Amino acid sequence: MTQAPLAALQDVSVRYGAFQALRGVSLHVAPGEIVGLVGESGSGKTTAVRALMGLVPISEGRATFEGRDITHLAGGARRDLWRRMQMVFQDPGASLSPRMSLADIIAEPLRAHGVPKAGAMLRARELLSQVGLPADAADRPPTALSGGQRQRVAIARALALEPVLVVADEPMSALDVSVKAQIAALFLRLRASTGVSFVIVSHDLALMSQIADRIVVMRNGQVVEEGPARDVIAAPRDAYTRELRDACLDPVKVVATRALERAAS
Amino acid sequence: MSGLTIEGLQVSAPGVTLVDGIDLSIAPGKVLGLVGESGSGKSLSLLSIPRLLPTGCQISGGSVRLNGQDLTGASERELRALRGGEIGVIFQDPFKSLNPVRRVGDLIAESARRHRGLSASAARQEAIDALAAVGVPDPERRARAFPHQLSGGQRQRALIAMALINQPSLLLADEPTTALDPTVQVQILDLIRAAAQRAGVIFVTHDLGAAAYLCDEIAVMYAGRIVEWAPTASLIAAPQHPYTAALLACTPRLDGVRPRAIAGNPTSPQDRPVGCAFRPRCERAVSACIGPPMLLAHGEGLAACFRPGPGLAA
């Protein structure tokens, strides 16, 4: 790691009653970095990012953000933090009020932080174009939007307060393949244009290998492997990572393997 | 003739043709993939075979023949005998397909009794054997479990056991692995592949990777029509239709190549333009593309394109 981490978990454990969701998890994201947090159901990946955001009580270890210990931050200070880090969920549909225009939805966090209406609406329109939605969408309600467009709105809203970190929990898993690729391209473009860091939670190791700089693999509440995306795919050190990689059905690789098998038999 | 033959199948809802004249055939022992995004009509095409279409949708043209029998003209009684008998069906969400208040073993046994008149004890034993055959550990105990007591992967296995209990000649699988973890998905695909030793299988998926892994042939659907149908290896290595090539370019890969997005959203059948439905999003579109698209031989398969060829392949 060449620079100080923007956000990090150090040996973090999280318990829900008797159930231990995280056991000694350490992970970090550097400024401008895209980290892919990969695991199957029950691996603890969602709990890990919730701990990173300060959304679950940490029973052991510590969470830091911009060099500051945020493990046990109180209400007001935590809310200030959430201006700097934002979250995007799998299906943003539920969080988009059908009675508001897209511009209102995106401007809402700005208004809540005291930005005057005119300025907030202007910024909302900028954000819409930044995430690839047409300018005339601003006055429309979110009801007519496709899944991919809703996800663009949620991303625009997350970016409204100019956060340094956006955490996205399975942001592409409910989308059609072609739309998934559009949103993946959008994450890369936004990182390039704004320098924002992303932590993207996904069960899709292949997709993460295409857009993340670094991949963290989790299983049973623990990190089993972590490293540059290329290395994790090309030479996984952990047996489970290898299993996960081999379960990725890259069509080109699948067909090539099949042809080799046929030639051998 | 054995196997399934679909000719000119149309499925409509009031005011819109959702599946617009598709031709397909599948022989026993083969797996055909039906691949497409939302609104492509892949699931409706599959569901029209055992006539399990959602309310409001109906077959409005064409024919579906299984082992020589025309299913579009079959009575509801004949269809009930076929479903779960000659035709096995697996859906995406096994929780919705398994009666939650019945024990898993009873559900499977009941199907054997209804279709083949087996005795209760013979059917029970078959159910346990069927669960063992699909890799459910401790099948005698699991047969007594209720669906919610099984993991997602085990529920899907139980559903496959139920679909196969009467040795169908046709197995229909609608996104059976979409909700599963990647490592479990591969196991379930292997099970379906094993089932294809006896039956013809149609596997509906949005995932070209899963289709490439499982299928002998793949038909790609877009806005209610088949745009390309070819043996798997050639469809992936040399896609002829620009939509197939574009779909391949945005499917996650392991070689570090970035996904290449297709501009715009999938075309819904309601907004299907004149001519080729992919035309508005196609990099290769020319004025000829407003003509009627027809599936013609290109490469090793069929493609409905005026400018076919692997030009866009990644």
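These are my notebook entries on two chains, A and B, and on where they meet, read from a predicted model.

**Entry 1: chain B as a whole**

I began with chain B and counted its secondary structure, which comes to 11 helices and 12 strands. The radius of gyration is 20 Å, close to the 20 Å that the globule rule gives for 314 residues, so I note chain B as being as compact as a globular protein of that length. For its outline I took the box filled by the C-alpha atoms of chain B along the principal axes, and this is roughly 65 × 50 × 30 Å. I then looked up burial and found that buried residues account for 56% of the 314 residues in chain B. Among the contacts in chain B that join residues at least 6 apart in sequence, 64% are between residues at least 24 apart.

**Entry 2: chain A as a whole**

I repeated the same steps for chain A, which has 10 helices and 10 strands. A compact globule with 265 residues would have a radius of gyration near 18 Å, and the 20 Å of chain A agrees with this. The box that the C-alpha atoms of chain A fill along the principal axes is roughly 70 × 45 × 35 Å. In chain A, 54% of the 265 residues count as buried, and of the contacts with a separation of 6 or more, residues 24 or more positions apart account for 66%.

**Entry 3: helix 1 of chain A**

I next asked how many of the eight residues of helix 1 of chain A are buried. Six of the eight are, so I record this helix, residues 45-52, as largely enclosed by the rest of the structure. The buried residues are Lys45(A), Thr47(A), Ala48(A), Val49(A), Ala51(A) and Leu52(A), and I note that a lysine is listed among them. Just after this helix I came to Gly54(A), which takes a positive phi of about 75°.

**Entry 4: where the chains meet**

I turned to the interface, where 37 residues of chain B are in contact with 32 residues of chain A. The area buried between the two chains is about 3000 Å², and carbon and sulfur atoms give 61% of this. How many salt bridges does the rule find across the interface? It finds one, formed by Asp250(A) with Arg253(B), whose closest N and O atoms are 3.7 Å apart. I also looked for polar contacts across the interface, and 12 residue pairs qualify, both residues being at pLDDT 80 or more. On the side of chain B that touches chain A, helix 8 (182-195), helix 9 (208-214), helix 10 (232-237) and helix 11 (242-250) each supply at least two residues. Helix 8 gives the most, with six residues. By residue type, this side of chain B divides into 21 nonpolar, nine polar and seven charged.

**Entry 5: Arg272(B)**

I finished with a single residue, Arg272(B), which lies in the loop between helix 11 and strand 11 (296-298) of chain B. Is Arg272(B) buried or exposed? Its relative accessibility is 18%, and because the cut-off for buried is under 20%, Arg272(B) counts as buried. Leaving aside residues up to four places away in sequence, I found that it touches several residues, including Thr17(B), Leu18(B), Asp20(B), Gly224(B) and Arg225(B). Ala223(B) is also among those it touches, and the side chain of Arg272(B) reaches the backbone oxygen of Ala223(B) at 2.9 Å. As a last check I looked up Arg307(B), 35 residues from Arg272(B) along the chain, and the C-alpha atoms of these two arginines are separated by 19 Å.

Terms used
Residues are numbered from 1 along each chain as its sequence is written. Chains are lettered from A and ligands numbered from 1 in the order in which they are written. Side-chain values use heavy atoms; hydrogens and water are left out. Contact means heavy atoms within 4.5 Å. Buried area is the accessible area (1.4 Å probe) that two parts lose on being put together, summed over both. A salt bridge is a side-chain nitrogen of Lys or Arg within 4 Å of a carboxyl oxygen of Asp or Glu. A polar contact is a pair of N or O atoms within 3.5 Å; within protein, one must be able to donate a hydrogen and the other to accept it, and residues adjacent in sequence count only if both atoms are side-chain atoms. Helices (H or I, at least four residues) and strands (E, at least two) are DSSP runs, numbered from the N terminus. Ala, Val, Leu, Ile, Met, Phe, Trp, Tyr, Cys and Pro count as nonpolar, Asp, Glu, Lys and Arg as charged, and the others, Gly among them, as polar. The radius of gyration is taken over C-alpha atoms; the globule rule is 2.2 Å times the number of residues to the power 0.38. Buried means under 20% relative accessible area, exposed over 50%, partly exposed in between (1.4 Å probe, protein chains only).
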